[in-house]
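Me: I'd like a close look at one part of this model, please. Could you pick a single residue, start from how covered it is, and work outwards to the rest of the chain?

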Amino acid sequence: MNILIVYSHPSEKSYTFQILQKLKEEINKQNWNLQVSDLYAMNFQSDMSAEEYEREGFAKTNLPISADVLAEQDKIEEADCIIFLYPVWWSDCPAKLKGWFDRVYSVGYAYGQNETSKKMKTIPLGLVICTAGHPNEFLEEINMAQSMQTIMIEDRLGKRFANTEMLILGGTLELEKVMAKHFIQIEDVIERIKQIVI
């Protein structure tokens, strides 16, 4: 089993980092292969360059793809499951992760294929895990949870994944009330991976 975590948070003092550590601990118990793309630690370039836009905007698949993007695409091709882990900032993922999708989902690879392009493989499972200050009930009441799910699951993951799920770890403004529950939910994630991928 090959797991890729695409992780987006700038601080090791964050609760999202604690979730990352818990995920890694549970994955390592399974003796699965794990790669982590820590976008801030990698200083991943989230802004698309003018040269990249020339390729993307006009579907010029003959133009070269940046080495850092190719490295991420190689990780995707090895993965049986990709976990996207991030905090909810202003109703969405951090800009670093949005930029990862902008650049790594290049034309001819993640969409807009032609006879000469290398198509992204269909990943068996895509999991979106995000931490949020507001409780899940409030996020659902104001339709924020549904909006986030539509963007991440329907658009960014879409048909590129055979199975998709989203887990919102809400209520982190009162962390002492939710942490134990969240850690159990992370353990459940491992069971879901086993059920779907193995």
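Reply: Happy to. Let's start with Glu52, which counts as buried because its relative accessibility is 13%, under the 20% cut-off for that class. Please keep in mind throughout that this is a predicted model.

Glu52 sits in helix α2, which spans residues 50–57. Leaving out residues up to four places away in sequence, Glu52 touches Asp47, Ser66, Val69 and Arg103. Two of these contacts lead on to other helices. Val69 falls within the range of α3, residues 67–78, and Arg103 is one of the buried residues of α4.

That makes α4 a natural next stop. Helix α4 runs over residues 95–104 and is mostly covered, with seven of its ten residues buried. Those buried residues are Lys96, Leu97, Gly99, Trp100, Phe101, Arg103 and Val104. The list therefore includes Lys96 and Arg103, both of which count as positive in the charge tally. The elements that cover the buried residues of α4 include β1, α2, α3, β3 and α6. Helix α2, the home of Glu52, is thus among the elements covering α4.

Just past the end of α2 there is a backbone detail to check. Ala59 lies in the loop between α2 and α3, and its phi is near 50°, a positive value in a residue other than glycine. Most residues other than glycine have a negative phi. Ala59 counts as partly exposed, because its relative accessibility is 47%. Asn143 offers a second case: its phi is positive too, at about 65°, although it is not a glycine. Asn143 is found in the loop between α5 (136–141) and α6 (144–157), and with a relative accessible area of 48% it is partly exposed.

Now to another part of the chain, strand β2, which covers residues 33–38. Asn33 belongs to this strand and counts as partly exposed at 48% relative accessibility. Apart from neighbours within four places in sequence, Asn33 is in contact with Met1, Asn2 and Ile3. Leu34 is also in β2, and at 26% relative accessibility it counts as partly exposed. With neighbours within four places set aside, the contacts of Leu34 are Ile3, Ile5, Lys24, Ile27 and Asn28. Ile3 and Ile5 fall in the range of β1 (2–7), while Lys24, Ile27 and Asn28 fall in that of α1 (15–29). To relate this strand to α4, take Leu34 and Val104: they are 70 residues apart in sequence, and their C-alpha atoms are 19 Å apart in space.

Ahead of β2, in the loop between α1 and β2, comes Gln30. Gln30 is partly exposed, with a relative accessibility of 24%. Beyond its neighbours within four places, Gln30 contacts Ile190 and Lys194. Gln30 and Lys194 are 164 residues apart in sequence, yet 9.7 Å separates their C-alpha atoms.

Both of those partners bring us to helix α7, residues 175–197. This helix has 23 residues and reaches 31 Å from its first C-alpha to its last, close to the 33 Å expected at 1.5 Å a residue. Its buried residues are Val178, His182, Ile186, Val189, Ile190 and Ile193, so Ile190, a contact of Gln30, is itself buried. Among the elements covering the buried residues of α7 are β1 (2–7), α1 (15–29), β3 (81–87), β4 (123–131) and β5 (161–169). Strands β1 and β3 also appear among the elements that cover α4.

Finally, here is the whole chain around these parts. The protein chain has seven helices and five strands, in the order β-α-β-α-α-β-α-β-α-α-β-α along the sequence. Its radius of gyration is 17 Å, close to the 16 Å that the globule rule gives for 198 residues, so the chain is as compact as a globular protein of that length. Of the 198 residues, 44% count as buried, as Glu52 does. Residues 24 or more positions apart account for 80% of the contacts with a separation of 6 or more. The accessible surface comes to about 10,100 Å², with 50% of it belonging to carbon and sulfur atoms. As for charge, the mean positions of the 20 positive and 29 negative charges are 2 Å apart.

Terms used:
Residues numbered from 1 in each chain as written. Predicted model: local features only at pLDDT ≥ 70, side-chain atom pairs only at ≥ 80, totals over all residues. Heavy atoms only, no water. Helix = DSSP H or I, 4+ residues; strand = E, 2+ residues; numbered from the N terminus. Expected span 1.5 Å × (residues − 1). Buried < 20%, exposed > 50% of the residue type's maximum accessible area, 1.4 Å probe, protein only. Contact = heavy atoms within 4.5 Å. Rg over C-alpha atoms; globule rule 2.2 N^0.38 Å. Areas by Shrake-Rupley, 256 points an atom, 1.4 Å probe, with all protein chains shown as cover. Charge placed at Lys NZ, Arg CZ, Asp CG, Glu CD.
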